[in-house]
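Biologist: I am new to this structure. Please give me a close look at the largest cavity, then work outward from there.

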Amino acid sequence: MELLNLNITKHLPEITHDYINNEKHVRCFFNRKNNLENYYDQILEKNNNYNNDFRKTLTDVLKLDYKNISKNSNQLISINKLEKNNAYTITTGHQLNLLTGPLYFFYKIIDTINICKDLKSKYPQNEFIPVYWMASEDHDFKEINHFMTNDVLFNWDVSTRGTVGELKTGSLDKIFNQITDFFGKNNSHSKNIIKLFKESYLNNEKLSDATFNLVHSLFGKYGLLILNPDNVKLKKIICEDVIHEIKNQDCYKRVCETNKKINNLNIKPQVNPREINLFYIKNNIRSRIEKYKSSYKVKETDILFSEDEILKEISNFPERFSPNVLLRPFYQEKILPNLAYVGGGSEIAYWLQLKSFFNYKALTFPILAVRSSVLLVSNKTLKKCKKLDIRISDLFLHNHELSKFYLTKISELKIDLTELKKTIKGNFLKLHALSLKTDKSFLGALKAQEKKQLNGLDNLEKKLFRAQKKKHKEKLERLILIKKELFPNNSLQERQINFSEFYKNYGQEFIDILIDNLNPFNNKFLVISL
């Protein structure tokens, strides 16, 4: 295993990067850093302001959801623990991606599991339970309708205007046939992928149920609890808050105040709030609610409520009101005895916009854990890198920069003329100073000559580069092939490739390797050899 700078590709939003580095100017946007020692005070604070009456509703919902799930003994034990006041959750949330989508879905869940393990060792008098919050109310289907291996993109050709959790899985038989053909049945791990897909998607009618079964099959043995928030009993807990949001737009006001502070730091806020941060769900439609004069309109529909009508609708049908990206964290933290949220860089960026709103609502702001980033490299690929005398960290360079770096490294000629250019610039600076003391009219001619010489060096550098590129063509081609394998579509592997690419070779051992290697407290980019 190799540890690199977490932001080696500069992919993190600026505010998230500053949060990781504990920069002074962003400390007002969070409660406590993700350090084991900070959880002691986090537990005390959450214990003081969490309504333990919610535990009964929460555990009743979970017991019902797990009633017909096989191999649920770990989960039933955890649910019983959650009924007691010394039990807390660590939560991550994610969309209902087909077959879990990109690899970072795994990293979020494994970090959540590992935080709980570390907390149990540090604070054994308490119970810590990992929770996956299903984004079953999301409606951005294009983000979840596919997954890809190194060789194939599997795409589910269906659409919806409603919540993705309610999508019917009947049309997935075509994908199942493609998966069966691609993975084959000779390898036992490949057979298990086919079995996982069949038992999850073809044996369940809705995407939310299919995802529940799939994630439980993969992570149930590690004690993960899965929570579907699209539930009337859970929505009733925040019923008064939704009414207050409709009447007063407190989330909008508080986040706007925070965004001004963030803008003053010359940082762009991740999310801009809406006056009403709620969607309305009915008849396979999930659409935004907007204030329209003295009424409330549901976008893309003919539905129009007066204030009295919408308040009555919330009271009678709380399940029809769905929080958006800014109000969902409040919903989550109110119903769960939660200590920390594990999220990607962009998620953490919008969570950092919410502390003022949480303070206003007198709700404990969770510790924010930036999920692990990982590059998985086969031993075969490591041998190729060694043969080319290239480090894995070098491969994070863009293709052109990588080629230039590698040619400079292996070339017998000096093709990087940067130092020579600096020398020429220095000499011309002295000539500029001399011309000012003698005849200022020389200055224009000097600048033209300087530009001519520097352009000449640029052209010479390009010619040298092309010549060396031609000479070392074979090595460069092998290098770019390695780069393409580890960075598909010139993107991070974790954002593109599905777990099945590795599971087909390692099976359950693949998850165990990740469990053993991911450390949610180290803030490093991990390179794991397989």
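Modeller: Start with the classes. Seven nonpolar, one polar and four charged residues make up the lining of the largest cavity. Keep in mind that this is a predicted model. Rolling a probe the size of a water molecule over the atoms shows where empty space is left. The space in this cavity comes to about 80 Å³. In total there are three cavities of 30 Å³ or more.

Now the names. The lining includes Ile 238, Val 242, Pro 323, Leu 327, Phe 330, Tyr 331 and Phe 357. Asp 241, Glu 245, Asp 250 and Lys 361 are also part of it, as is His 244. Two helices stand out. Helix 10 (239-248) and helix 13 each give at least two residues to this lining. Helix 10 has the largest share, with four residues.

Helix 13 leads us outward. Its residues are 328-335, and at least two of its residues also line the largest pocket. That pocket has a volume of about 1,200 Å³. It is lined by 43 residues, and those closest to its centre are Gln 95, Asp 138, Glu 143, Val 325 and Tyr 350. Many elements contribute. Strand 2 (87-94), strand 3 (127-134), strand 8 (285-292) and strand 11 (321-323) each supply at least two residues. So do helix 5 (104-122) and helix 14 (345-351). Helix 14 gives the largest share, four residues. By class, the lining of this pocket has 15 nonpolar, 15 polar and 13 charged residues.

Next comes the second largest pocket, with about 840 Å³ of space. Its lining counts 33 residues, and closest to its centre are Ile 69, Phe 212, Asn 213, His 216 and Ser 217. Helix 3 (54-65), helix 7 (188-202) and helix 8 (207-219) each give two or more residues to this lining. Helix 8 leads with seven residues. The classes here are eight nonpolar, 15 polar and ten charged.

Leave the empty spaces and turn to the rings. The structure holds 30 aromatic pairs. Take Tyr 19 and Phe 30: their ring centres are 4.8 Å apart and their planes stand at 80°, so the pair is edge-to-face. Tyr 19 sits in helix 1 (residues 14-20), while Phe 30 sits in the loop between helix 1 and helix 2 (39-49). The pair therefore ties together parts that are eleven residues apart in sequence. Are these two residues buried or exposed? The cut-off for buried is under 20% relative accessible area. Tyr 19 has 2%, so it counts as buried. Phe 30 is at 7%, so it is buried too.

A second pair joins Phe 358 and Phe 365. Their centres lie 5.2 Å apart and their planes are at 90°, so this pair is edge-to-face as well. Both residues are buried.

Rings also gather in a group. Phe 105, Phe 106, Tyr 132, Phe 219, Tyr 222, Phe 499, Phe 502, Tyr 503 and Phe 510 form one aromatic cluster.

Finally, charges over rings. Arg 286 lies over the face of Phe 279, 3.9 Å from the ring centre. Lys 483 lies over the face of Phe 487, at 4.3 Å from the ring centre.

Definitions and conventions
Residues numbered from 1 in each chain as written. Predicted model: local features only at pLDDT ≥ 70, side-chain atom pairs only at ≥ 80, totals over all residues. Heavy atoms only, no water. 1 Å grid on protein atoms, 1.4 Å probe; cavity = no way out; pocket = protein on both sides within 12 Å on 5 of 7 lines; lining within 4 Å. Points joined across faces, edges and corners; volume = space filled by probe spheres on them. Nonpolar A, V, L, I, M, F, W, Y, C, P; charged D, E, K, R; others polar. Phe/Tyr/Trp six-rings, centres within 6.5 Å; stacked < 30°, edge-to-face > 60°. Buried < 20%, exposed > 50% of the residue type's maximum accessible area, 1.4 Å probe, protein only. Lys NZ or Arg CZ within 6 Å of the ring centre and 35° of its normal.
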